[in-house]
Amino acid sequence: MAGTQTPQTGIKNADELITLAAAYNLTVTVETTDRETITAHVVRIAIPVPVAYAGTELGRAIEGDTLTMLWTRPNKGGRGRLEDATAWSAHSSRKVRTLRALTAGVETLGRSSAQYARDTAPLPDDVVDAPHALHIDGKVRKEGIPADRVRTFVKNRRFNGLHTHQDDDGAIVCDNRRYVPMHPQENAGVPSEEQPVTVDTFHADKAAHLLNTLGDADTFTHHHTGRDATTSEDTRDRDETTKAIATEMQGGALAQWTKGAELVLQRSGRTLRITPSPRPAPADDRKHVRTVNGGTPVLIPTRDALAEINHAMMDGKNDVREMSAARGHARIVYKDRERGTVTLRPATADDVTPAARPAATVLAADPIPAAVSVLDGMPGREITRQELRTPADVLTHTEYVVQLRDAGIWTLPNHDDGSAMTRGQVAHALRRTLDNAPGRARTTRDDDGTVYLSNGRQAARYIPAALIAGHSTDLCPGCGTPYATNGDGPCTDGRSTTKEQPAPAAPAPAADTTPLFSALAAYEATMLCTSPRDLDDLARHLHAVSKAVPTAHHREIMAAQADVIEGAWEALRTAGNLRARNAANDQARAAVDRARAAILTVAPHAHRMHGTDVPSTAEEIQAAAVAYNAVGRTAEELPAIENGTPKVRVHCTSDSGTGWHVTATIAAGIDTPRGFIPAHPAIVVKLRKRDGRQDAAANARRVFGALFRVDVPVEYVADRRP
């Protein structure tokens with residue numbers, strides 16, 4: 001809303017809501033209809049969709065969160081009134097009856113808008129370290145703004161929850177303003193009027209100033225034009241160019257700047273035009289082709305190729321039998337037969353940019369070695385967080401196709417999520433992952449431009465769309481069907497080939513997991529010890545643990561059990577006054593602490609159930625259920641455990657507010673006619689829905705369904721209670 005006048009209706013309550021929405025930087029539209037007797041105003045308040053979320057499922061969900069009101073007012077005077085108000089979301093709607101509820105709805109939209117703005121706004125470190133030019137409505141208003149000032153501006157907008165984003169050119173964009181980084185040639189002191197300037201005397205600093213107007217190039221092209229119309233052209237470095245300018249100025253030359261960063265010196269019918277020579281590509285971006293014994297050519301950075309040539313000439317010359325090198329080309333014959341004969345040459349455009357291939361071939365390729373994680377095996381040069389300030393420098397393509405890592409293979413996202421991403425969206429994903437997992441996450445760029453990303457738990461790769469023949473953003477690259485009609489399920493095609501895993505070693509004897517689940521039940525009993533009966537239950541749990549643990553731990557468990565029964569339990573049972581009861585409570589707490597320490601000595605994981613400790617087979621689940629329910633079970637439960645069905649149950653509930661937050665309770669156990677008997681303490685996972693059209697169970701299955709590695713059925717149960 002910045003830069004535009006807030007629309008008004010003339011109705012006090014409606015205008016107050018519009019002003020409140022404008023203060024939260026929400027989008028407000030007012031449609032007015034004049035009739036014979038009344039004037040109707042339709043007011044819509046919505047959250048502006050961040051650029052990073054545009055076109056995504058979350059972006060469509062944000063766009064669907066609106067508040068629509070109908071206000072009317074008689075034309076002959078009278079008070080305005082609220083006829084109808086509806087709060088819309090991507091999957092539902094509800095009527096709003098009171099002004100207080102409307103105010104709360106606007107505040108909720110405002111807080112959500114501020115949170116989305118903070119999540120997608122660039123960090124101050126993302127600002128390009130160069131002076132900036134301010135563009136307002138496409139016109140340059142100010143130049144030379146320091147980068148620190150722009151960083152302060154970005155930090156303040158991020159703190160205030162105002163929408164800001166950074167485009168592919170590194171410019172900071174907000175509302176109708178753009179802070180564009182200025183390149184050296186844009187910072188040059190070009191005079192406002194191209195009038196010739198006569199130089200009567202020579203000043204060395206004046207010559208250097210004239211040369212600096214052309215930028216910071218290393219070499220310059222000199223174009224001479226004489227009286228006889230003969231021309232010549234040569235290239236000189238900065239020092240030689242400064243001397244040439246000084247010579248012309250000593251002779252009284254006229255100097256002027258012309259378009260195209262060109263300096264023109266005219267003297268006695270002779271003209272000297274000086275222009276910056278184009279710089280070669282940086283060593284990091286240039287490539288060499290390396291071939292060993294005439295085999296498959298491999299692209300390597302020019303820096304590595306030159307380092308190998310220099311090493312073969314200097315420190316490693318004793319390992320070289322024969323060598324020839326000239327102008328970036330080299331042939332090195334090593335004495336070691338395994339190293340062979342190496343041929344190096346500069347890469348051509350055809351070498352650097354591979355030809356487009358069929359989508360099935362590109363999507364099936366997988367350079368990650370078998371039995372190696374993406375974090376450790378991703379190929380290519382590593383991309384730093386500093387380089388992502390200007391994405392165009394490291395992301396060489398404008399469109400990408402994303403694949404996600406699942407069970408050791410690359411797969412395309414679901415059809416409703418889409419696989420096409422722009423360079424800006426890829427850069428945003430890279431920055432967010434590196435910021436959320438500093439020191440652990442990595443991202444690299446392969447020789448063909450493919451970008452790999454992993455944080456140790458999840459991984460993705462972004463393939464340049466130019467590598468896929470006939471690619472279209474409207475079609476799924478895996479199955480070739482249009483996104484408009486192919487539904488919202490997963491794509492069965494577009495997967496990488498499964499690599500053969502090395503033959504596994506002989507399986508080690510399965511460890512007895514019974515002590516762990518007995519210890520889990522005992523540790524739970526230590527959390528509720530406030531009466532003699534609770535201490536009696538703890539003693540029975542310790543007795544069950546002593547039966548399951550190895551003999552080496554029997555003494556510790558039995559000592560803890562004796563402290564509970566003979567000391568704390570007897571003291572609590574016989575305490576007759578307040579002083580004795582306080583002493584008994586202190587003794588009970590000390591006994592419980594010793595019992596807790598003994599349990600953790602037997603099973604260090606007993607203080608909390610870990611996902612890696614969940615039993616995976618039917619036999620393990622039955623054994624765990626017996627051990628976990630050894631104390632306090634009824635006579636009917638043991639046959640039920642033996643005859644029941646082992647499974648993993650995921651009980652999912654949605655929050656009572658927006659319904660977008662899901663709490664999933666995961667437990668392996670036995671499904672019996674008497675109910676579900678758990679085999680361990682439940683694991684609670686909280687998540688946010690990916691698709692508001694589906695229930696909590698379906699969203700939980702989408703988020704972590706592929707992470708289960710069990711040989712029993714996994715049942716997802718949605719709690720329908722409000």
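Two strands count as paired if DSSP finds at least two bridges between them. Strands (E, at least two residues) and helices (H or I, at least four) are DSSP runs, numbered from the N terminus. This is a predicted model: local features need pLDDT of at least 70, side-chain atom pairs count only at pLDDT 80 or more, and totals for chains, interfaces and linings use all residues. Residues are numbered from 1 along each chain as its sequence is written, and side-chain values use heavy atoms, without hydrogens or water.

**The open sheet**

Val320 has Tyr334 of strand 20 as its bridge partner. Strand 19 and strand 20 (residues 329-334) run antiparallel, joined by six bridges. Both belong to an open sheet of five strands, in the order 18-17-21-20-19, with antiparallel pairing. Strand 18 and strand 19 are the edge strands, each pairing on one side only. From one strand to the next, the twist averages 20° (axes are lines fitted to C-alpha atoms; angles run from 0 to 180 degrees between N-to-C directions).

| Edge strand | Residues |
|---|---|
| strand 18 | 298-301 |
| strand 19 | 320-326 |

**Helix 18**

Helix 18 spans residues 618-628. Its buried residues (under 20% relative accessible area, 1.4 Å probe, protein chains only) are Ile621, Ala624, Ala625, Ala627 and Tyr628. They cover an arc of only 165° around the axis, taken from the directions to the C-beta atoms, so they lie on the same side of helix 18.

**Whole protein**

The protein has 20 helices and 33 strands. Of its 722 residues, 40% are buried. Among contacts (heavy atoms within 4.5 Å) between residues at least 6 apart in sequence, 58% join residues at least 24 apart.

Technical notes. Buried < 20%, exposed > 50% of the residue type's maximum accessible area, 1.4 Å probe, protein only.
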